[in-house]
Amino acid sequence: MVSSRISENFVYIPENDTHMVTMSGARTYTAVLERLRRVGLRPTRQRLALAKLLFSGEDRHVTAEALHKEALANQICVSLATVYNTLHQFTDAGILREVVVDAARSYFDTNTRHHHHFYREDDQKLVDIPDDHVVLKKLPSPPAGTSISQVDIVVRIHPTST
Ligand SMILES: [Zn+2]
């Protein structure tokens, strides 16, 4: 039995023996590695490091800029362009969902199940709305030759003055 120790900064890619990793940080690493492999993304060092930041905790909504800052704070040296490209690759692979709030602001959501969002205008945060909390009574007919693939609702909210 080969034992392996994986530090935060050392990326080791086991081929088949991922079950032998037992440390908690390494468990996250293994889960993230599996997740990338499952969707056919080559687990490069940068993808792994960013995926670990994204998928280690609870579901979250991040902008490319916020994730870039977080990466730098964790000694992950990546450019904003790389973060941006990686987020889009993860989105194309189906492990992230992009939520466009306006032309200048896109969020990436680790919860890929269908749901809607509140957008808090005061602090620019997204809050999940479960899919079944929104009931659509009437939708326009889509243009000829098209069909509706999905309806995403962003409800903008701001604090009420007391
Ligand atoms: Zn969400």
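The following exercises, with worked solutions, concern strand pairing and backbone angles in a predicted model.

**Exercise 1.** Determine which strands are joined to strand 4 by bridges, and in which direction each pair runs.

*Solution.* Begin with strand 5. Strand 4 covers residues 115-120 and strand 5 covers residues 125-130; 6 bridges join them, and the two run antiparallel. Turn next to strand 6, residues 154-157. Here 4 bridges connect strand 6 to strand 4, and this pair is parallel.

**Exercise 2.** Identify what Y119 faces in strand 5 and in strand 6.

*Solution.* In strand 5, Y119 has L126 as its bridge partner. In strand 6, the residue opposite Y119 is R156.

**Exercise 3.** Describe the connection between strand 4 and strand 5, and classify Q124 as buried or exposed.

*Solution.* First, the connection: the two strands form a hairpin, with 4 residues between them. Second, the backbone: Q124 lies in this loop, and its phi is positive, near 50°, although the residue is not glycine. For comparison, most residues other than glycine have a negative phi. Third, the neighbour count: 12 other C-beta atoms lie within 10 Å of Q124. The cut-off for an exposed residue is 12 or fewer, so Q124 is exposed.

**Exercise 4.** Locate Q75, state the sign of its phi, and classify the residue as buried or exposed.

*Solution.* Q75 is placed in the loop between helix 3 (64-73) and helix 4 (80-92). Its phi is positive, about 60°, and Q75 is not a glycine. Because Q75 has 9 C-beta neighbours inside 10 Å, the residue counts as exposed.

How values were computed
Residues numbered from 1 in each chain as written. Predicted model: local features only at pLDDT ≥ 70, side-chain atom pairs only at ≥ 80, totals over all residues. Pairing = 2+ DSSP bridges. Buried ≥ 20, exposed ≤ 12 C-beta atoms within 10 Å, placed from the backbone.
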